Amino acid sequence: RAVFNNNFSSVSIMIKTKSAQDIPLDAKPILLAAAHTTTTTTTTTTTTTTAAAAALPPAPETEYHYYYHHHHHQTQKPSLPQLMLYDLPLRKEIVGHRGLGANSANISPKHQENTIESFHAAHELGAVWVECDVQTLNCGTHVLYHDEFATTKEGTLMRLKDATHHDLSLTRLEDALLNSAPSINFNLEIKYHGKSDDEVARMATQIAEAVHALAPKRRICFSCFHPAACIALVDHMHTNESKHGILFLTEAGSLDGDTYNYHDSLHEAMRFASNNGIHGVVSHASAVLASPEPGVHAHSLGLALYTFGKHNNDVRLAVTQYCTMGVTALIVDDVATVARSFEQLSY
């Protein structure tokens with residue numbers, strides 16, 4: 001079953017089969033995302049895989065639904081020089097992780113992560129960009145917070161997707177965009193704990209719309225681990241002729257049991273991003289450090305390459321990625337130390 005949207009810029013193809021072996025591998029070139037949904041008479045669970053469906057053994061009495069989403073935009077895939085036209089971190093621009101570092105990194109314990117105070121502190125120490133986590137409460141308010149649960153004003157734990165702004169004391173996205181120094185640029189990572197693919201895509205679009213309305217002149221890029229969010233952001237960018245950059249996040253095999261095969265392989269993540277009009281990949285640094293010429297491969301696909309993880313707080317590894325591996329910029333907790341080392345570089 002194929003469904004086209006109104007202007008024929010995208011098509012969704014649904015294949016229903018009793019066996020994963022029946023999925024044609026020659027469908028690979030048209031994929032932007034592939035969802036593998038296992039349905040029984042009593043429960044429904046969802047995971048995602050690439051077109052290499054043959055690797056998945058079918059369970060007894062199981063139906064496999066594969067959704068292939070292909071988007072076509074009239075604009076050409078940007079080349080590496082054309083990426084300069086979008087809001088993306090540039091060479092030697094430090095990105096402060098959740099501001100002046102994640103709380104768990106214990107770099108700056110006096111500053112709470114994902115707060116305006118932490119953003120300003122990171123900026124003063126050399127971070128041109130700050131990375132922060134964005135998710136949407138049940139009431140529709142967009143807040144800056146990383147985890148699935150937060151402590152309410154009454155001292156109990158509550159899922160953010162079930163909470164309202166009356167329950168929690170968290171920084172709102174609106175306040176961060178309007179009250180942070182104009183020279184602070186934002187990398188907004190969209191978090192999606194416990195949400196379906198459709199909910200994730202809808203939330204990503206709503207966040208992009210809010211950003212477009214609140215801060216049209218601020219340099220802002222989006223990132224997400226979820227393919228559906230990145231695809232929705234690409235659609236929003238083309239519809240609104242936005243210059244906000246879009247980045248696909250991947251653990252690149254650094255975690256066991258990743259839901260998406262794009263997260264198991266750096267090259268698969270790059271291919272997904274390149275095939276879908278996404279501007280770059282943000283990889284766990286360990287995968288980049290273990291890969292031969294990762295920057296060369298990313299740049300050949302017209303992608304920018306960024307990294308995150310504790311390795312980036314090691315000055316030697318940070319400089320290695322930047323100087324010899326083609327990494328454009330790094331997301332770091334130890335902003336002060338890495339920024340000082342980068343200031344000494346001549347290129």
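Here a biologist and a modeller talk through a predicted protein model, one question at a time.

Biologist: Before we start, what is the mean pLDDT of the protein?

Modeller: This is a predicted model in which local features need pLDDT of at least 70, side-chain atom pairs count only at pLDDT 80 or more, and totals for chains, interfaces and linings use all residues. Residues are numbered from 1 along each chain as its sequence is written, and side-chain values use heavy atoms, with hydrogens and water left out. pLDDT is the predictor's confidence in each residue, from 0 to 100; 73% of the residues reach 70 or more, and the mean is 80.

Biologist: Over which residues does pLDDT stay under 50?

Modeller: The model still has 145 contacts beyond four places in sequence for that stretch, where contact means heavy atoms within 4.5 Å. The stretch with pLDDT under 50 is residues 1–75.

Biologist: Good to know! How many helices and strands does the secondary structure come to?

Modeller: Both are DSSP runs numbered from the N terminus: helices are H or I with at least four residues, and strands are E with at least two. The secondary structure comes to nine helices and 16 strands.

Biologist: What share of the residues is buried?

Modeller: Buried means under 20% relative accessible area, exposed means over 50%, and partly exposed lies in between, with a 1.4 Å probe and protein chains only. Of the 347 residues in the protein, the buried share is 52%.

Biologist: Let us look at strands. Which residue of β7 is the bridge partner of Val95?

Modeller: Val95 belongs to strand β6 (residues 94–97), where Val95 and His97 point one way, Ile94 and Gly96 the other, and all are buried. In a regular strand the side chains alternate between the two faces of the sheet. Strands pair if DSSP finds at least two bridges between them; β6 and β7 (residues 127–136) run parallel and are joined by four bridges. The partner of Val95 in β7 is Trp129.

Biologist: And which residue stands opposite Val95 in β16?

Modeller: Strand β16 (residues 329–332) pairs with β6 in the parallel sense over two bridges. Opposite Val95 in β16 stands Ile331.

Biologist: Moving on to β14, which residue there is the bridge partner of Leu249?

Modeller: Strand β14 (residues 280–284) has five of its five residues buried. Four bridges join β14 to β13 (residues 245–250), and the two run parallel. The bridge partner of Leu249 in β14 is Val282.

Biologist: Which residue of β15 does Val281 stand opposite?

Modeller: β14 and strand β15 (residues 304–308) run parallel and are joined by five bridges. Val281 stands opposite Leu305.

Biologist: Now helix α5. Which residue caps its N-terminal end?

Modeller: Helix α5 spans residues 266–275, and its buried residues are Leu266, Ala269, Met270, Phe272, Ala273 and Ser274. Just after α5, Gly277 takes a positive phi of about 75°. At the N-terminal end, a side-chain oxygen lies 3.3 Å from the backbone nitrogen of His267, and the capping residue that supplies this oxygen is Ser265.

Biologist: Which residues touch the most other members of the largest nonpolar core?

Modeller: A nonpolar core is a set of buried Ala, Val, Leu, Ile, Met, Phe, Trp, Tyr and Cys residues joined through side-chain atoms within 4.5 Å. The largest has 78 residues, and helix α4 (residues 227–240) gives the most to this core, with eight residues. Not counting residues up to four places away in sequence, Leu188 touches Val134, Leu173 and Phe222, among others. The two that touch the most other members are Phe186 and Leu188.

Biologist: How far from Cys132 is the nearest cysteine sulfur?

Modeller: A disulfide is a pair of cysteine sulfur atoms within 2.5 Å, and the count comes to zero disulfides. Cys132 is in no disulfide, and the nearest cysteine sulfur, that of Cys221, is away by 9.6 Å.

Biologist: Is Cys132 buried or exposed?

Modeller: The relative accessible area of Cys132 is 0%. That puts Cys132 under the 20% limit, so this residue is buried.

Biologist: One last residue: is Ser118 buried or exposed?

Modeller: Ser118 has its place in helix α1 (residues 116–124). Not counting residues up to four places away in sequence, Ser118 touches Arg98, Gly99, Leu100, His111 and Gln112. Its relative accessibility is 0%, so Ser118 counts as buried.

Note on methods:
A polar contact is a pair of N or O atoms within 3.5 Å; within protein, one must be able to donate a hydrogen and the other to accept it, and residues adjacent in sequence count only if both atoms are side-chain atoms.
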